[in-house]
Structures are given as structure tokens and as C-alpha cells.
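Visitor: I am new to this structure and would like to be led through it step by step. Could we look at it together before I ask anything?

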There are 2 protein chains.
Amino acid sequence: MILESAILDVRPDATKAFETAFAEAQRIISAMPGYLSHELLNCLENPQRYLLLVRWETLEAHTEGFRGSPEYQRWRELLHHFYEPFPTVEHYQPTFGSFLQ
Amino acid sequence: MILESAILDVRPDATKAFETAFAEAQRIISAMPGYLSHELLNCLENPQRYLLLVRWETLEAHTEGFRGSPEYQRWRELLHHFYEPFPTVEHYQPTFGSFLQ
């Protein structure tokens, strides 16, 4: 399992529209090969900030499979215009934990 | 469920010692009231970076219960000297996801 993690800072006037768009976008990612699960969470300390966590079977399922797919164009179209600044995406592998998938 | 999230940048010469200390420290947090689960993950793009995700029943279980406990002193003693810079901890509540605990 590889965890994709991205802190998403959304334009302050657009959090509701972002959530509406994400409700559609999550159907795209959930159908991709190698997808395991995802969460979108909202920051208590900063309501314009979200944390996206997506679990993939492998790194390549995200970086090659999803990002190289036609579906990724729709994902970008739905979501990327909300971000300011544009987020950095990182990938993590489990070291310890009670919660590995 | 409230997710505590912290990006931990560990001194480059100390990642193995940090992992050894964390193996002990995770027993402390796992026994706290209101604790649900935790993960420590290692960044593929930057091996000195870890992501700590702890799930709590409530925000206060972390900010008041754990941080106000005698056990927190031992947690600090085990882990805090590894961080450079000292991390920012954020708390998140679920907006969407297939994976809510």
C-alpha cells in the first residue's frame, strides 16, 4: 500500500463549490485500477485547507496509471482551479501503524 | 473521528534511531483514552520525512487528554529531539471518504 497525501488550500470563497466538485471527482478516482480507498478531510485550524489521502496498491497505480489516464483530465478540470497555491503531492509507505490499508 | 496529522522532518543521520524510539512511543499513544488508531509512514520522495496520522474520538482527547497527561512527557522525551524543524500539528474532520475511522 502506498499513501498519496496532499494538503489542498482552496480559495476562501470557493470551499462549498470545491466540495461539490469533489463529490463528483471522487467517483473518478474510486474507479481507477489499483485504487484502494480515499478520504478528504477539512482542517479545524484553517477551514480553507483540506487533506486528501488516497491509498493505492502501488506508486505506479497513481503516478502512471491514474495520471496517464483520460479520466485524469476530467479530475484536473473539476478540481485544479480551486487550489491556491497549487499543492505538492507526496507518497508514503507504512513504517508502523495499526491501520495499514 | 478527528484526524491528527503532522509531517515530521527527522535529522538525516537519525532516521533509524527515530524509528526505534517511535516503536516504543506508539505504545504510549495507543493506550490513551479516546485513541482510535495511528500510522507512521515514510515519504518516498524524501526519506527523512515521515507522516504521522493519529485518529482520535474527539479533538480534546488529543489536545487536552493526551497533551495534558503525564504520559505525554515521556512521548516528548522519546521523540521531540529528532525533529528539525519542529513540526506543525493539524487536526482534520472527515468531509468525504470511503475510510472514516
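Guide: Two residues are in contact if their C-beta atoms, placed from the backbone, lie within 7 Å. Please keep in mind that this is a predicted model.

Visitor: Which residues does Tyr50(B) touch, not counting residues up to four places away in sequence?
Guide: With that cut-off of 7 Å between C-beta atoms, and with residues up to four places away in sequence not counted, Tyr50(B) touches Thr95(A) of chain A. In chain B, the residues that Tyr50(B) touches are Leu8(B), Val10(B), Leu40(B), Leu41(B), Asn42(B) and Cys43(B).

Visitor: Which residues have the most contacts inside the largest nonpolar core?
Guide: In soluble globular proteins, nonpolar side chains tend to be buried together. Here the largest nonpolar core has 35 residues, and those with the most contacts inside this core are Tyr50(A), Leu52(A), Tyr50(B) and Leu52(B).

Visitor: Is Arg49(B) buried, partly exposed or exposed?
Guide: Arg49(B) lies in strand β3 (residues 49-56) of chain B, and, leaving aside neighbours within four places in sequence, Arg49(B) is in contact with Ile7(B), Asp9(B) and Cys43(B). Although Arg49(B) and Asp9(B) are 40 residues apart in sequence, they are 4.6 Å apart in space, C-alpha to C-alpha. A residue counts as buried at 20 or more other C-beta atoms within 10 Å and as exposed at 12 or fewer; because Arg49(B) has 17, Arg49(B) is partly exposed.

Visitor: In what order do the strands of the closed barrel run?
Guide: The closed barrel has eight strands with antiparallel pairing, and strands of both chain A and chain B appear in its order. That order is β1(A)-β3(A)-β2(A)-β4(B)-β1(B)-β3(B)-β2(B)-β4(A). Direction ignored, neighbouring strands of this sheet are turned against each other, on average, by 35°.

Visitor: Are α1(A) and α3(A) roughly parallel or roughly antiparallel?
Guide: The axes of α1(A) and helix α3 (residues 70-79) of chain A come within 9 Å and cross at roughly 165°. Angles over 145 degrees count as roughly antiparallel, so α1(A) and α3(A) are roughly antiparallel.

Visitor: Which element gives the largest share of the side of chain A that touches chain B?
Guide: Across the two chains, 28 residues of chain A are in contact with 28 residues of chain B. The elements of chain A that give two or more residues to this side are β1 (2-9), α1, β2, β3 and β4 (89-97). The largest share, eight residues, comes from β4(A).

Conventions:
Residues numbered from 1 in each chain as written. Chains lettered and ligands numbered in written order. Predicted model: local features only at pLDDT ≥ 70, side-chain atom pairs only at ≥ 80, totals over all residues. Core = buried A, V, L, I, M, F, W, Y, C linked by C-beta atoms within 7 Å. Pairing = 2+ DSSP bridges. Helix = DSSP H or I, 4+ residues; strand = E, 2+ residues; numbered from the N terminus. Axes fitted to C-alpha atoms, helices over the stretch in contact; angles between N-to-C directions. Parallel < 35°, antiparallel > 145°, perpendicular 65-115°, else oblique.
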